Amino acid sequence: MNLIEELDRMFETRELRDGACVCAFVPSDSFSGFRGHFPGDPVLPGVIQILMARRLAELASGRRLVLKRCVRIKFVRPLRPCTPAELRIRTDDSFRTLDAEIAAQGMRISTAKLELEEAEA
């Protein structure tokens, strides 16, 4: 199973709440996103967190999207394996601007403002 397939499985249950697409997830200790970051003390890499936000936008929109630009990103604390977390995204109608937040146990893990564009066929 590749990384996108793993994310799709994690994101099977999502809902619209207060105008945002929200997905609760629990990254298992075998999730490939942790591989090599860091052996013996794994944390979810920032690039994977950005990929997660983009992928959830794709699933919500039904479109293939690519990351155009990271406008603002803030990583506040690490997300470790088997920690229940929630990814919340809010986009404009065209899915060109994306605000994302990952939180776990009532604490913010990261926030991001991203610019996306539709992938060429």
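Begin with the largest nonpolar core of this predicted model. Of its 30 residues, select Phe-11, Phe-25, Met-52, Leu-79, Leu-87 and Ile-89, the members that touch the most others.

Next, colour the elements that supply at least two residues each to this core: the helices α1 (3-10) and α2 (46-61), together with the strands β2 (20-25), β4 (85-91), β5 (97-104) and β6 (107-118). Pause at α2, whose seven residues are the greatest contribution to the core.

Now centre the view on Leu-87 and display its surroundings, setting aside neighbours within four places in sequence. Cys-21, Val-22, Cys-23 and Phe-25 are in contact with Leu-87, as are Met-52, Ala-53 and Leu-56. The remaining contacts of Leu-87 are Phe-11, Ala-100, Glu-101 and Ile-102.

The tour then turns to aromatic rings. How many aromatic pairs does a search of the whole structure find? There are two.

For one of them, select Phe-11 and Phe-25. The ring centres are 6.2 Å apart and the planes stand at 80°, so this pair is edge-to-face. Trace the chain from each ring: Phe-11 belongs to the loop between α1 and β1 (15-17), whereas Phe-25 is in strand β2, so the pair ties together parts 14 residues apart in sequence. Phe-11 and Phe-25 are both buried.

Finally, select Phe-31 and Phe-34, which also form an edge-to-face aromatic pair. Here the distance is 5.9 Å centre to centre, with 85° between the planes. Are these two residues buried or exposed? Both Phe-31 and Phe-34 are buried.

Key:
Residues are numbered from 1 along each chain as its sequence is written. This is a predicted model: local features need pLDDT of at least 70, side-chain atom pairs count only at pLDDT 80 or more; totals for chains, interfaces and linings use all residues. Side-chain values use heavy atoms; hydrogens and water are left out. A nonpolar core is a set of buried Ala, Val, Leu, Ile, Met, Phe, Trp, Tyr and Cys residues joined through side-chain atoms within 4.5 Å. Buried means under 20% relative accessible area, exposed over 50%, partly exposed in between (1.4 Å probe, protein chains only). Helices (H or I, at least four residues) and strands (E, at least two) are DSSP runs, numbered from the N terminus. Contact means heavy atoms within 4.5 Å. Rings of Phe, Tyr and Trp (its six-membered ring) pair if their centres lie within 6.5 Å; planes under 30 degrees apart count as stacked, over 60 as edge-to-face and the rest as tilted.
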